Amino acid sequence: MSMTSDIKILRTVAEVRQWRRDLLVKNESVGFVPTMGALHAGHLALVSHSKKENDHTIVSIFVNPAQFAPHEDLDQYPRTFDSDKTKLDELGGVSAIFLPTVKEMYPNGIKLDRSKQVGAFVEVQGLSHQLEGSVRPHFFRGVATVVTKLLNIVQPERLYLGQKDVQQTVVVRRMVTDLHIPTEVRVCPTVRESDGLAMSSRNAYLNEEQWERANVLVQALKAGEEAYLAGSRSKKDIVGAAVAVIGDLMLKSGNGVALEYMSLADPETLQEIDEIPEGGKAIMSGAVRIGNAAKGERVTRIIDNQFLPRDA
Ligand code: AMP
């Protein structure tokens, strides 16, 4: 059975601009959901939020080379356009998909080796070097650059981002404010698998046993939150409780899990904090590597985070 689709597939900047201009004339609002494809329920939740708040929703699918280092998984990143489109068709209410080529987004080309890159890039100083940036120093420059390009092309009223990538939300919010980009940034809650694992396109890299190991991160964040709910306010106690859960599994799994970082930080400045002030908020975030490279297993990074107090 073939399904007819109302979704326009726009492949060039010129096509998006034309589509956008027509809507502007009709005074119809646009919500924008940027993705790298391999869509899952987390992405679809962003689309649903956008549908509620805008006349039109456009989803971009673009695996952005500038946010991958030469040793990372750019070539292996899942590319599943047909099933992505089917998911958006089934969800309904999406007006367009922007599906550009690398050449369209980077007309002068893009080298993965940062020292060889030439041209215009966007950097958000002070928010990009810590946490994810400490492990992936190229990452937020790539994200800020591609989001700027996409916002310049789409010119949406609203931009939808997921809480799962909390540092990305902080970096993009700051960029939008500092560069006077006329778009409202909306952040939607993390969508999880039934066992709690935060949904991610990279979860597809995990085999069944690694998936169970990957759950250690959400368990660790829970342990940190429990320490907080029991009255602890210090990083030592809260992060200590989280790290202990990961340490346990590290011992049991014989190097099948490695902790990259576990942080307690100010949600706006991303500065590490030693003590959550009375009535204050913090973001606890972590990253683990799942897979034992020495045994020839693929290594997958998993990230997750939790506000303290929750829903702050
Ligand atoms: P990605 O395709 O991984 O670049 O993600 C595109 C957008 O979807 C980003 O704003 C992510 O934060 C968001 N996202 C990814 N996973 C989830 C999730 N599990 N829940 C909510 N949003 C998510």
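This report describes the surroundings of a ligand and one sheet in a predicted model.

## Basis

In this predicted model, local features need pLDDT of at least 70, side-chain atom pairs count only at pLDDT 80 or more, and totals for chains, interfaces and linings use all residues. Residues are numbered from 1 along each chain as its sequence is written, and side-chain values use heavy atoms, with hydrogens and water left out.

## The ligand

The ligand is surrounded by 16 residues, where a residue counts if one of its heavy atoms lies within 4 Å of the ligand. The closest are Met36, His43, Asp165, Val191 and Met199. By type, the shell holds 7 nonpolar residues (Ala, Val, Leu, Ile, Met, Phe, Trp, Tyr, Cys and Pro), 2 charged ones (Asp, Glu, Lys and Arg) and 7 polar ones (the others, Gly among them). Helix 2 gives the largest share, 3 residues; helices (H or I, at least four residues) and strands (E, at least two) are DSSP runs, numbered from the N terminus.

An N or O atom in the side chain of His43 is 2.9 Å from an oxygen atom of the ligand. A backbone N or O atom of Met199 lies 2.9 Å from a nitrogen atom of the ligand.

## The sheet

Three strands form an open, antiparallel sheet in the order 7-8-9; two strands pair if DSSP finds at least two bridges between them. Strand 7 (257–265) and strand 9 (300–308) are the edges, each pairing on one side only. Strand 8 (residues 282–290) and strand 9 are joined by 9 bridges. In this pairing, Ala287 stands opposite Ile303.

Technical notes:
Polar contact = N/O pair within 3.5 Å; in protein donor to acceptor, adjacent residues only side chain to side chain.
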